[in-house]
Amino acid sequence: MILVTGATGTVGRRLVDLLLTRGAAVRAVTRNPGPARALGLPGGVEVAQANPALDSALDGVTALFLHPRAVGAASAALVARARERGVRKIVALTALNVDDPLDEQPSRFRGDFNKEAEDAAVGSGLEWTSLRASSFAGNTLQAWGQQIRGGDIVRYPYARFQESLLDERDLAEAGACALLTDQLVGRRVELTGPETLTHEQTVGIIGHALGRPLRLQEVPPETAAQGMIRYGLPAPFVAALMARYARHLDRPQHPATGEVAKILGRPARTFADWAADHAAAFRG
Ligand SMILES: NC(=O)c1ccc[n+]([C@@H]2O[C@H](COP(=O)([O-])OP(=O)(O)OC[C@H]3O[C@@H](n4cnc5c(N)ncnc54)[C@H](OP(=O)(O)O)[C@@H]3O)[C@@H](O)[C@H]2O)c1
């Protein structure tokens with residue numbers, strides 16, 4: 001039995017599908033349990049109530065997928081309990097920037113305990129893998145979706161900032177590989193997309209997928225930050241995001257690693273692939 005925390009989310013839902021398809025028994029953890037189908041999960045999945053100890057959810061579990069947003073500060077306690085209960089493998093979702101200064105990790109200010117999840121997995125004494133993911137391709141929908149639905153100009157700072165966006169589907173496939181095989185045991189795996197793109201290029205690729213002449217118009221960081229805060233993002237999150245962009249302008253913070261291709265035995269999905277498959281969400 002594989003216990004998946006964060007199972008109803010972006011990565012977890014895809015991971016659950018893959019595990020089931022490959023014949024694994026899966027128990028999905030959620031704060032709001034109900035029938036699997038009502039949660040957007042396949043019917044064959046067991047559903048468990050999230051709580052700090054997850055005691056009964058650990059019955060018969062051999063491998064645990066540790067999701068740092070869902071588990072929060074409780075990673076170490078959960079991993080210790082999992083070990084006592086006979087779990088043999090921990091696969092943690094973490095991030096490529098997990099060793100960066102905390103004030104340059106925007107996710108910290110959303111309550112993501114990536115570092116704690118990795119440390120708990122590595123220190124567990126069990127088989128472990130840390131999936132250090134680069135920025136998700138889906139972030140572009142959150143950042144720019146509303147502007148793109150409203151017109152052809154995207155106002156955003158740091159046009160030349162570049163990174164290797166990772167397709168969440170590739171991340172879930174790497175997670176399934178880590179849980180179901182020994183291929184990634186004992187590794188901090190740096191997962192990126194196949195190419196490094198600037199913000200400007202990324203907007204252009206979305207435009208191509210939509211058949212529209214989208215253009216990024218660079219705005220000063222202070223103006224952008226004020227807009228994001230008015231839009232509802234927490235000020236410390238926005239400050240960390242701007243600090244990250246500023247520090248790594250003109251030089252990719254994390255160049256493409258090629259790990260996805262090595263693990264999956266096929267090229268990583270490109271951002272153009274992702275944009276083509278998600279064009280409808282930008283049309284609204
Ligand atoms: N976005 C990126 O670019 C990026 C890059 C690298 C790493 N990461 C890391 O990946 C993780 C995010 O993955 P994701 O997109 O799959 O997450 P997600 O979809 O936002 O959340 C996964 C599930 O966790 C539960 N959850 C959400 N917020 C919670 C909270 N505040 N407290 C407790 N449970 C909560 C929800 O399940 P229920 O409602 O069913 O309980 C949700 O479906 C974060 O740790 C992030 O730092 C993200």
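**Exercise 1. The ligand shell**

Task: In this predicted model, find which residues come nearest to the ligand, and which elements give two or more residues to the shell around it.

Solution.
- Start with the nearest residues. The shell holds 25 residues, and Gly9, Thr10, Thr30, Arg31 and Asp112 come nearest to the ligand.
- Next, assign elements. Helix α1 (10-21), helix α2 (68-71) and strand β5 (89-95) each give two or more residues to this shell.
- Last, sort by residue class. Eight shell residues are nonpolar, 14 are polar and three are charged.

**Exercise 2. The two sides of α5**

Task: Decide where on helix α5 (residues 139-150) the buried residues lie, and state what they pack against.

Solution.
- List the buried residues of α5: Thr140, Trp144 and Ile148.
- Check their directions around the axis. They cover an arc of only 55 degrees, so they sit on the same side of α5.
- Turn to the other side of the helix. There, Gln142, Arg149 and Gly150 are exposed.
- Identify the partners. The buried residues of α5 pack against β7 (153-156), α7 (199-210) and α12 (279-283).

**Exercise 3. The nonpolar cores**

Task: Name the residues of the largest nonpolar core that touch the most other members, then follow Leu131 outward.

Solution.
- Take the core as a whole. The largest nonpolar core has 76 residues, and Val4, Ala28, Leu66 and Leu131 touch the most other members.
- Ask which element contributes most. Helix α6 (residues 168-180) supplies the largest share of this core, seven residues.
- Now follow Leu131, leaving out residues up to four places away in sequence. Among the residues it touches are Val91, Ala92, Leu93 and Thr94. Others on its list include Leu171, Ala174, Gly175 and Ala178, as well as Val189 and Leu191.
- Look for a separate core. A second one has seven residues, including Phe161, Met228, Ala240 and Leu241.

**Exercise 4. Tracing the parallel strands**

Task: Trace the bridges from β1 through β4 and β5 to β6, with residue pairs, and assess the burial of β4 and β6.

Solution.
- Begin at strand β1 (residues 2-4). Three bridges join β1 to β4, and the two run parallel. Leu3 has Leu64 as its bridge partner in β4.
- Step to the next pair. β4 and β5 are parallel too, joined by four bridges. Here Leu66 is partnered by Ala92 of β5.
- Go on to β6. Seven bridges join β5 to β6, again in parallel. Val91 stands opposite Thr129 in β6.
- Assess β4 (residues 63-66). Ala63 and Phe65 are buried on one side, and Leu64 and Leu66 are buried on the other, so both faces are covered.
- Assess β6 (residues 127-133). Six of its seven residues are buried, so the rest of the structure largely encloses this strand.

**Exercise 5. Two residues in one loop**

Task: Leu96 and Asp100 both lie in the loop between β5 and α4 (114-122). Determine for each whether it is buried or partly exposed.

Solution.
- Count around Leu96. It has 22 other C-beta atoms within 10 Å, so it is buried; the cut-off is 20 or more.
- Count around Asp100. It has 19 C-beta neighbours inside 10 Å, so it counts as partly exposed.
- List the contacts of Leu96, ignoring neighbours within four places in sequence. These are Arg132, Ala133, Ser134, Glu190 and His254.
- Add the C-alpha distances. Leu96 and Thr192 are 96 residues apart in sequence and 8.6 Å apart in space. Asp100 and Met228 are 128 residues apart along the chain and 23 Å apart in space.

**Exercise 6. Positive phi outside glycine**

Task: Examine phi at Tyr158 and Asp250, then place each residue and judge its burial.

Solution.
- Recall the background. Most residues other than glycine have a negative phi.
- Take Tyr158. Its phi is positive, near 55 degrees. Tyr158 is in the loop between β7 and β8 (162-163). It has 22 C-beta neighbours inside 10 Å, so it counts as buried.
- Take Asp250. Its phi is also positive, about 75 degrees. Asp250 is in the loop between α9 (235-247) and α10 (259-264). It has 9 C-beta neighbours inside 10 Å, so it counts as exposed.
- Conclude. Tyr158 is buried, whereas Asp250 is exposed.

Technical notes:
Residues numbered from 1 in each chain as written. Predicted model: local features only at pLDDT ≥ 70, side-chain atom pairs only at ≥ 80, totals over all residues. Near = placed C-beta within 6 Å. Nonpolar A, V, L, I, M, F, W, Y, C, P; charged D, E, K, R; others polar. Buried ≥ 20, exposed ≤ 12 C-beta atoms within 10 Å, placed from the backbone. Arc of directions from axis to C-beta. Contact = placed C-beta atoms within 7 Å. Core = buried A, V, L, I, M, F, W, Y, C linked by C-beta atoms within 7 Å. Pairing = 2+ DSSP bridges.
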